Structure formats: structure tokens, C-alpha cells
Amino acid sequence: MQAKKIEPERLERQQGIAQAVFEQIQDKNKTYYIETYGCQMNVRDSETIAGLLQGMGYSPSATKEKADVILFNTCCVRDHAEKRLLANIGALKERKEEDPELIIGICGCMMQQADVSRKVMRRFPFVNFVFGTNVLWRLPELMLGALDGERLILTEEEGFAVCEGLPAHRSNPFSAFVNITFGCDNFCSYCIVPYVRGRERSRELSEVVAEVSSLADRGITEITLLGQNVNSYGKGMGVDFADLLHDVNAVDGIRRIRYMSSHPKDLSPRLMAAIAQNDKVCHHMHLPVQSGSTAILERMNRRYTREGYLQLVEDLRRTVPDIELTTDVIVGFPGETDRDFEDTLSLMDEVGYAAAFTFKYSPRKGTRAAEMEDQIPEAIKKERLKALNELQAKKTAENNQKYLGHRGEVLVEGFDRRQETILFGKLDTFKMVYFPGDEGLLGTYQTVQVTECARNSLLGRME
Ligand code: SAH
Ligand code: SF4
Ligand code: F3S
């Protein structure tokens with residue numbers, strides 16, 4: 001579905017409010033800090049929040065401790081994320097007592113659940129406001145309210161319209177995330193995302209291309225197109241993801257196009273061909289499999305079988321021979337037998353992913369799987385996760401071996417955390433390579449030769 005847009009008059013009104021905030025705080029050196037949980041969607045949203053706050057006169061703070069505004073952008077995809085968040089909010093109680101002017105706001109997926117946002121407001125009376133995933137553009141209103149001493153909850157926004165043209169403060173000067181779809185219609189039975197991010201809607205192709213062009217004008221050379229399921233981009237609009245890749249590929253200045261995530265059920269031969277034909281599209285695909293057992297996949301509502309998935313992988317590798325695959329896997333889904341789990345192990349062994357994100361199934365309130373019988377005990381989930389991770393560690397090491405002696409181009413992204421003389425960058429296939437070099441190379445493309453394979457990474461030298 002094409003995204004409905006927020007009406008310009010409503011946006012203008014917010015801009016007026018942002019100006020009022022600016023006038024209240026100017027010359028006071030106010031700063032903000034955003035703590036982001038969850039996936040790339042949230043990372044991208046935090047960039048918009050940062051852009052809006054800067055428009056109101058706030059500047060970024062290097063630490064949470066010194067900031068005048070603290071925002072938590074939350075995730076609720078698994079239980080673990082929720083617990084960590086609640087502890088981190090609780091820890092701010094004393095600071096707020098010392099500094100009543102401190103503004104604390106909570107947003108993101110977890111807050112889109114009305115019962116949770118009400119609970120958070122009750123449990124933490126020092127929180128100024130909470131807001132959901134689709135109302136970022138109304139942040140000025142929330143900030144002005146907070147300066148006036150109000151406490152606000154803002155989660156509903158009918159129809160989940162999309163707001164174009166918001167400012168963004170992007171932290172990476174060479175590589176940028178670009179939203180192409182919002183929300184999700186797939187309703188995998190374990191997943192909360194469709195409930196907290198709303199129905200799937202696509203941005204207009206021309207809007208995406210215009211954003212990519214303006215990023216290129218600012219020196220960005222690598223973009224990552226974002227959607228819960230990029231493969232279904234443009235549904236009902238007469239365009240598809242292959243068209244989008246083609247048009248973005250034509251943007252001058254862009255050298256690399258990445259995208260995530262891809263849903264196997266919508267991975268068409270046409271799309272595979274587009275990946276092969278458009279030279280800037282990177283040879284890496286994140287193609288979550290979730291389980292290797294057809295029975296479990298069916299109960300997950302994934303709409304493909306084990307055999308269908310393996311066939312896709314075969315077709316994809318025939319069309320794009322050097323493509324690297326990464327995946328997501330859930331262990332301990334309700335009713336998962338030892339046999340089902342072995343099917344997952346054997347699939348992982350057969351495909352040979354470059355990397356895998358592995359999770360213990362976490363029941364989410366309101367989803368179908370949470371109501372299913374035969375929930376798996378924690379001890380078994382733990383055991384299976386361990387076995388899966390051991391297998392994947394072996395496969396990752398095997399996969400790394402094939403890069404020994406390989407020459408390829410990397411985009412130099414930063415320094416190794418431990419060694420200031422070691423740079424890192426990614427190959428087209430998303431493989432990370434570490435190599436000696438200096439600061440002047442940041443943001444450039446360099447050809448490196450891989451000389452050594454460590455457990456999780458490749459070491460090399462520049463040519
Ligand atoms: N739209 C993306 C995934 C978003 S969530 C996609 O479909 O690929 C990222 C990953 O979290 C999922 O791929 C899944 O492996 C995992 N996940 C989602 N819900 C979960 C749950 N209830 N318990 C455990 N893992 C979950
Ligand atoms: Fe969740 Fe499935 Fe949608 Fe991914 S495709 S966000 S796993 S419902
Ligand atoms: Fe979490 Fe929301 Fe992403 S629930 S995984 S931050 S879409």
C-alpha cells in the first residue's frame with residue numbers, strides 16, 4: 001500500500017511549535033542524549049528525533065549524565081529488551097530529583113502498546129512524555145508540553161500516515177539508512193512488529209530516489225534501504241523492489257546499495273535478476289529463515305517450506321554466484337521437537353551462512369504463538385541455542401577461510417576499538433576486514449588483500 005502523507009498544514013504547525021521551543025531554550029546550551037534499542041528502524045528513527053531536536057536548538061551530548069533531555073527509543077521484539085529498558089529508566093529517578101528541569105521521554109515500539117505506555121507513566125512519575133512509532137513529527141508539541149510542566153502520552157495516529165521531509169541528524173558521514181517501507185503485514189505468529197509498527201506502507205519511488213540523491217550530494221556513497229520486508233516494496237502501487245533498485249542504481253555518487261530485511265516468500269526471480277544486473281547492489285542478502293522445519297515454519301505463518309527456502313538459496317546462488325547470506329533463527333518455538341530442531345541444524349549446515357542472529361523464542365502478548373500449547377521450557381531453549389551457536393561458529397570460521405588471499409574493495413568505516421592504527425571496512429559481501437592504515441582513509445574505498453582469518457573477522461593489508 002502506498003503511504004498516506006501527513007498534511008503540510010499539520011507539519012507547519014509543528015514547525016511553529018519548534019520555533020517556540022527554540023525561543024525558550026536559546027542561549028542556554030541545552031543538550032540531548034538518545035538511547036536506542038532494537039533494529040535499524042529505530043536507529044533511523046533516532047536520527048530523525050535528533051534532527052528535530054537540533055531544529056529546536058538542542059545539541060548532542062556525548063554522555064547521558066550531562067544531557068538536559070534524555071530519550072529512550074525502545075524495542076519490544078523480545079522480553080530481554082524490555083527488562084533492560086525498565087532498569088535504565090528507573091536509574092534516572094535520583095538525577096531527576098536533583099535536576100527537576102531534566103526532560104525524560106520514552107518512545108519507540110514498546111510505547112506503541114497503549115497498556116505499556118500507561119504503565120510506564122504510572123510507574124515512573126518523573127518521566128515527562130511517551131510517544132509511539134508513528135508520531136515522531138509531533139515531537140515539538142511534546143517538548144513544549146514538557147517545558148510547560150505537562151505529562152503527555154501520544155501513541156495513536158490514525159491510518160499510520162508517513163511524514164516526508166523531516167530533518168535527520170545522521171551519525172555516519174559515509175553510509176546512510178533510507179526507509180522504503182514502514183510497518184509489516186506478514187503477521188508471523190511469534191512477532192509483535194505488525195502490532196507496534198502498523199500496516200505495511202511504501203514510500204513513493206520518487207521520494208526515495210530524491211532522498212538518495214540528496215544524500216549523494218552530501219558525500220554519502222553507501223545506502224541501506226530499510227523495511228521489515230523490502231521485497232514487498234510497492235505492493236499495490238504498480239512498482240516493485242526490483243524497479244526501486246534499478247532507479248537507485250542510477251543515482252550518481254552512490255557506490256553501494258544494501259538493503260534489509262528480505263522475506264523469502266517475496267523473493268522473486270525478477271528481483272534476483274535485478275540484484276545481479278545493477279552493479280551497485282551489494283552481494284549480500286539478509287534472508288531470515290527462522291526455522292529449518294516445515295511444520296514449525298507453517299505454525300510461524302512464514303508461508304514457505306524448508307524445501308522452498310533451499311530452492312531459493314540455490315536459485316539465488318546461481319544468479320549471483322558470490323552472494324553471501326546471513327539469517328535470523330528462532331529456537332524453542334512452541335511445539336518445536338528435537339526432530340524439528342535437527343532440521344534447523346541441518347539447514348544451517350547445508351546453507352552455510354556467513355553469519356546468523358540466533359534467538360530463544362520469547363512469547364509476546366497479543367501474538368498467536370504466545371497462546372499456543374507446548375511452550376518449550378527455558379532449559380531446552382538454552383540448550384538448543386547453545387548447539388545452534390556452536391554450529392554457526394564453525395560455519396562462520398569455514399566461510400572465513402574462503403577469503404584467504406581474496407582481494408576486494410572495502411569502504412573504510414572506522415578504527416578498531418582496541419587499536420588506533422587498525423582500520424576496518426566492509427567488503428561488498430558485508431564481510432568485515434581489519435587492516436593497518438590512518439585516519440585520512442576514513443570514508444574512502446580501498447582495495448585490500450585478506451592475509452589472515454581470525455574467528456569472526458578477516459585481517460588484511462591495503463594494496
Ligand atoms: N522483519 C524482519 C525481522 C524483524 S524482527 C524479518 O522478517 O526479517 C528481527 C528478528 O527477531 C526476527 O527475524 C526473528 O528472528 C526475531 N524475533 C521476532 N520475534 C521474536 C520472538 N517473539 N522471539 C524471539 N525472536 C523473535
Ligand atoms: Fe515480524 Fe514476520 Fe513482519 Fe518480520 S516479516 S517484522 S518477523 S511479522
Ligand atoms: Fe524492535 Fe521495533 Fe525493531 S520491536 S526489532 S525496534 S521494529
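**Notebook: charged side chains**

I searched the whole structure for salt bridges and found 35. The model is a predicted one, and I kept that in mind for each entry below.

**Entry 1, Glu35 and Lys64.** I looked up Glu35 and found a salt bridge to Lys64, with 2.9 Å between the closest N and O atoms. This pair ties together distant parts of the chain, 29 residues apart. Glu35 belongs to strand S1, while Lys64 lies in the loop between strand S2 (59-60) and strand S3 (69-74). I then checked burial: both Glu35 and Lys64 are buried.

**Entry 2, Lys265 and Asp266.** Next I took the pair Asp266 and Lys265, whose side chains meet in a salt bridge at 2.8 Å, N to O. Are these two residues buried, partly exposed or exposed? Asp266 has a relative accessible area of 19%, and the limit for buried is under 20%, so Asp266 counts as buried. Lys265 comes out at 24% relative accessibility and is therefore partly exposed.

**Entry 3, Lys386 and Glu390.** I noted a salt bridge between Lys386 and Glu390, the closest N and O atoms being 3.5 Å apart. The cut-off for a salt bridge is within 4 Å, so this pair is counted. Both residues are in helix H14 (residues 378-401), and because they are four residues apart there, about one helical turn separates them. Lys386 is exposed, with a relative accessible area of 55%. I also wrote down a network in which salt bridges with shared partners join Arg44, Glu47, Glu164, Arg170, Arg203 and Glu211.

**Entry 4, Lys30.** I looked up Lys30 in the loop between helix H1 (8-25) and strand S1 (31-36). Lys30 is buried, its relative accessible area being 17%. What is Lys30 in contact with, leaving aside its neighbours within four places in sequence? I listed Ile25, Gly57, Tyr58, Ser59, Asp68 and Glu101.

**Entry 5, a positive patch.** Last, I turned to the surface and found a positive patch formed by Arg118, Lys119, Arg122 and Arg123. From this patch I picked Arg122, which is found in helix H5 (residues 114-123). Why does Arg122 count as exposed? Its relative accessible area is 63%, and exposed means over 50%, so Arg122 falls in that class. Residues with a salt bridge are left out of patches, so I have none to enter for Arg122.

Methods
Residues numbered from 1 in each chain as written. Chains lettered and ligands numbered in written order. Predicted model: local features only at pLDDT ≥ 70, side-chain atom pairs only at ≥ 80, totals over all residues. Heavy atoms only, no water. Patch = residues over 30% accessible without salt bridge, like charges linked within 9 Å, V, L, I, M, F, W, Y side chains within 5 Å. Areas by Shrake-Rupley, 256 points an atom, 1.4 Å probe, with all protein chains shown as cover. Lys, Arg positive; Asp, Glu negative; His and termini not counted. Charge placed at Lys NZ, Arg CZ, Asp CG, Glu CD. Helix = DSSP H or I, 4+ residues; strand = E, 2+ residues; numbered from the N terminus. Buried < 20%, exposed > 50% of the residue type's maximum accessible area, 1.4 Å probe, protein only. Contact = heavy atoms within 4.5 Å.
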